[in-house]
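Q: Hey, got a minute to walk me through a model? I'd like to go over the sheet, the helix packing and any odd backbone spots.

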Amino acid sequence: MNNLVVLVCLESPHAFWHLSDEHVKTLRTAFPFVHFRIATNDTITEYLPDAQVYFGWRFQPEWFRLASSLVWIASPSAGTDHLPIAGAQVAGVTVTRSYGFHGRPMAEHAMGLILGCSRGLFTSSRLQRTQQWWKDDLAEEFFDLASATMAIVGCGSIGTQLAHAARAFGMNVLGVRRKPPATGADPDGITWMRTDDILQAVGSADVVVDLLPATDSTRRFFDLKVFAGFKPGSLFVNLGRASTVDQTALLEALDTGRLRGAALDVTDPRPLPMGHPLRWHPRVVLSPKSAAFSRTYMDDAVAFFADNLRRYLAAAPLNGMVTAPTPPTSAAGG
């Protein structure tokens, strides 16, 4: 492995999502026998032919033709819908995602949105410009988090961290996922439910948080039927993927009063047109896909990758495996 070439392309206008010189130094010090090639978005294709490992935000499907030596794509993201999973499978290339460090900022973001709604903070921000005093408005709007129930749909590692935060406010937590953990006492204080029981979950929840990934089976998961099953006066929060929500059905649930409000970090399209009804709805709060913002994001992403690179060099199983490579059916160079 002394000739291992790792190509890294992690550019961003935001410093916490951008690979710094210090990060590069950390990697080169930890792996002195690995050749790290640092590329920009404009130069990445020049380095692809020699790379065995790629660590970056995105990988274009057409790049596989140039990357004849590639065996592993590592993404710092938790989601994988932006990566060419099928193409990697055909090419016999392993893909890994990252996890463990997205949960804290996303839990903070979710609780910020929920607190802003429950305490009428967003309403205060809006009314302070047009009303001299709006105490009576908030007296009708606020709700208590203590003893309220939160349903986290798509409850994995991020949802578990959110559950910890919700429990700190005295909330009861329902964790909804396709395959819940084995029944029994849960140290996280989560009551687990299956996705098939979604109507039961949303019907008993005061706050529903969508953390579903983007897959064929989750497309428009929150549709007219599911929104109709929500507990009247509940709050909907989406930090997952926009494709999991039928936005027309969401607007109907808001307009009929089924929902007290919605807080959305993701929308379709992104950004919403200025005239879109969700942008102007008085009970909708938008954030610009900023739930994962964290000053330590790249530090944690590099640390996760470094641990996986050690595993790779030791021929140990990688963490965050998305695809298991299948042997090519024909010899293809390299």
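A: Sure, here is a tour by topic, and keep in mind that this is a predicted model.

Q: Let's begin with the sheet. How many strands form the open sheet, and in what order?
A: There are 7 strands in that open sheet, ordered 8-7-6-9-10-11-12, and the pairing is parallel.

Q: Which strands are the edge strands?
A: Strand 8 (190-194) and strand 12, each of which pairs on one side only.

Q: And what does the twist average?
A: From one strand to the next, the twist averages 15 degrees.

Q: OK, zoom in on strand 6. Is it enclosed or not, and how many of its residues are buried?
A: Strand 6 covers residues 149-153, and 5 of the 5 are buried, so it is largely enclosed by the rest of the structure. The cut-off for buried here is under 20% relative accessible area.

Q: Which residues point which way from strand 6?
A: Thr 149, Ala 151 and Val 153 point one way, while Met 150 and Ile 152 point the other way, and all are buried.

Q: How does strand 6 pair with strand 7?
A: In the parallel sense, over 5 bridges, with strand 7 being residues 172-177. If you want a landmark, Ile 152 has Gly 175 of strand 7 as its bridge partner.

Q: Moving along the sheet, how many bridges join strand 7 to strand 8?
A: 5 bridges join them, and the two strands run parallel. Leu 174 has its bridge partner in strand 8, namely Thr 191.

Q: What about strand 1, is it buried or exposed?
A: Buried: that goes for 5 of the 5 residues in strand 1 (residues 5-9), so this strand is largely enclosed by the rest of the structure. Val 5, Leu 7 and Cys 9 sit on one side, Val 6 and Val 8 on the other, and both faces are covered.

Q: How does strand 1 pair with strand 2?
A: Strand 1 and strand 2 (residues 35-38) pair in the parallel sense over 4 bridges. Opposite Val 8 you'll find Ile 38 of strand 2.

Q: Now helices. Which strands does helix 4 lie across?
A: Helix 4 lies across strand 6, strand 9 (207-210), strand 10 (234-238), strand 11 (259-264) and strand 12. Its direction is at about 150 degrees to strand 10.

Q: And which strands does helix 7 touch?
A: Helix 7 packs on the sheet and touches strand 6, strand 7, strand 8 and strand 9. Relative to strand 6, the direction of helix 7 makes about 175 degrees.

Q: At what angle do helix 4 and helix 7 pack?
A: About 50 degrees, with the axes of helix 4 (residues 103-118) and helix 7 (residues 157-168) 8 Å apart. The two helices are therefore oblique to each other. Their crossing is right-handed.

Q: Which residues make the contact?
A: Helix 4 contributes Gly 103, Arg 104, Met 106, Ala 107, Ala 110 and Met 111, and helix 7 contributes Ile 158, Gln 161, Leu 162, Ala 165 and Ala 166. By type, the contact has 8 nonpolar, 2 polar and 1 charged.

Q: Switching topic, I want to check the backbone. Which peptide bond involving Pro 269 is cis?
A: The one joining Asp 268 and Pro 269, where omega is about 5 degrees. Pro 269 is in the loop between strand 11 and helix 11 (277-280).

Q: What about the bond from Arg 270 to Pro 271?
A: That peptide bond is cis, with omega near 0 degrees. Pro 271 lies in the loop between strand 11 and helix 11.

Q: Why flag cis bonds, or a positive phi outside glycine?
A: Because most peptide bonds are trans, and most residues other than glycine have a negative phi.

Q: So what phi does Lys 289 have?
A: A positive one, about 50 degrees, although Lys 289 is not a glycine. Lys 289 is in the loop between strand 12 and helix 12, and counts as partly exposed at 34% relative accessibility.

Q: And Ala 315, where does that lie?
A: In the loop between helix 12 and strand 13 (321-323). Ala 315 has a positive phi of about 60 degrees and counts as exposed, at 72% relative accessibility.

Q: Last one: is Pro 288 buried or exposed?
A: Exposed, with a relative accessible area of 70%. Pro 288 is found in the loop between strand 12 (284-286) and helix 12 (297-313).

How values were computed: Residues numbered from 1 in each chain as written. Predicted model: local features only at pLDDT ≥ 70, side-chain atom pairs only at ≥ 80, totals over all residues. Heavy atoms only, no water. Axes fitted to C-alpha atoms, helices over the stretch in contact; angles between N-to-C directions. Parallel < 35°, antiparallel > 145°, perpendicular 65-115°, else oblique. Left-handed = near helix turned anticlockwise from the far one by under 90°. Contact = heavy atoms within 4.5 Å. Nonpolar A, V, L, I, M, F, W, Y, C, P; charged D, E, K, R; others polar. Buried < 20%, exposed > 50% of the residue type's maximum accessible area, 1.4 Å probe, protein only. Pairing = 2+ DSSP bridges.
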